[in-house]
Amino acid sequence: MQERLQQLQAEALHKVDNASGLKELNDIRAAYLGKKGPITEVLKGMGKLSAEERPKMGALANEVRDAITAAIESKQQLLEEAAVVEQLASETIDVTLPGRPVKVGNHHPLTRIIEEIEDLFMGMGYAVAEGPEVEQDYYNFEALNFPKGHPARDMQDSYYISDDILLRTHTSGVQARTMEKNHGKGPVKIICPGKVYRRDNDDATHSHQFMQIEGLVVDENIRLSDLKGTLDLFAKKMFGEDREIRLRPSFFPFTEPSVEMDISCKFCGGTGCGVCKDTGWIEILGAGMVHPNVLEMAGYDSKKYTGFAFGLGIERIAMLKYGVDDIRHFYTNDNRFLKQFSVHE
Ligand code: DAH
């Protein structure tokens, strides 16, 4: 029995020594030290031994087990270290490889225009206001002096959701909302950029969804000349110091008087060309003095307060400024178009 145990030890140690991987080592452990292994098998014969020999054999069997266990453990450590070294070697990073180019996005041209206009007006003390795109008929029309059935509602073909709810056709509703929030007291000085919707067929100059910026100033003693000075500054900052403006009489239900502003054509300098349709002037926006009814409906005393308002289409400004000839380019997300407005290249 003693010999058999020693033989098993020698055999196991030899195998451990030659083991080339962790899996193989585990198999050896299971084969020699497991419950059904040869050592257990040998020990089953202990019953036949004398009382003297039994403890000796027991002790020897334990020594053999310990020796095999120790050999397996130290081999396991060696193999694990080798595996780490091998992994590190296979994962070395070649720092000399050329890097992959990082793609940097850029602001959409309409966002650039909005930010430029916001900066300009914020510099003059305006706050930026917002309103909902899904709007109540009241704010989109009623509070702006378009009663139900008023013919001027037809100027803006609307997407109605229910009798009282629609997709806003202009940002002008934010005028009424902002004044109402002020409870008819104190000055208002805001601009409001945002999306608007109209039942138009899309073509080079129309889009069923586009963007506007609304402006509103309400205070005591606000005059048409304040509006004119503000618009003149806006035109010069956006399109160049040599631009001139002219105001033409117009009609909007929420302003009285109402005007439309043209700027002198920057493409021909005013002599007439294709862009200005040979007039020398390009229409830019609608504006006017806030109608007393609009002030009163929002709770302002129209004897004490006056105001001016203006509204412009952002796409139109972007098209003129960047020389874009089709409004649909802003919404079709063609990278070749958008990349031209990158500040990174
Ligand atoms: N809301 C008008 C439109 O969409 C534009 C406009 C005209 C806004 C005159 C104004 C304004 O604030 O005073 O056609």
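**Group meeting: one helix residue and the ligand site**

Let me begin with Thr 111, which counts as partly exposed because its relative accessibility is 29%, a value that falls between the cut-offs of under 20% for buried and over 50% for exposed. Please keep in mind throughout that what we are looking at is a predicted model. Thr 111 has its place in helix α5, which covers residues 109-122, and if you look for Ala 143 as well, you will find that the C-alpha atoms of Thr 111 and Ala 143 are 29 Å apart in space, with their positions 32 residues apart in sequence.

Now to the ligand. Which residues come nearest to the ligand? Of the 16 residues around it, these are His 170, Ser 172, Arg 198, Gln 212 and Glu 214.

Turning to individual atoms, a polar side-chain atom of His 170 lies 3.0 Å from a nitrogen atom of the ligand. For Gln 175, an N or O atom of the side chain is 3.0 Å from an oxygen atom of the ligand, while for Glu 214 an N or O atom of the side chain is 2.5 Å from a ligand oxygen atom. As for cover, the ligand on its own has 360 Å² of accessible area, and the protein covers 92% of that.

The space that the ligand takes is the largest pocket, and the elements that each give two or more residues to the shell around the ligand are β6 (209-219), β9 (281-290) and β10 (306-313). By residue class, that shell divides into nine polar, five nonpolar and two charged residues.

Note on methods. Residues numbered from 1 in each chain as written. Predicted model: local features only at pLDDT ≥ 70, side-chain atom pairs only at ≥ 80, totals over all residues. Heavy atoms only, no water. Near = heavy atom within 4 Å. Polar contact = N/O pair within 3.5 Å; in protein donor to acceptor, adjacent residues only side chain to side chain. Areas by Shrake-Rupley, 256 points an atom, 1.4 Å probe, with all protein chains shown as cover. 1 Å grid on protein atoms, 1.4 Å probe; cavity = no way out; pocket = protein on both sides within 12 Å on 5 of 7 lines; lining within 4 Å. Sits in = over half its atoms within 2 Å of the grid points. Helix = DSSP H or I, 4+ residues; strand = E, 2+ residues; numbered from the N terminus. Nonpolar A, V, L, I, M, F, W, Y, C, P; charged D, E, K, R; others polar. Buried < 20%, exposed > 50% of the residue type's maximum accessible area, 1.4 Å probe, protein only.
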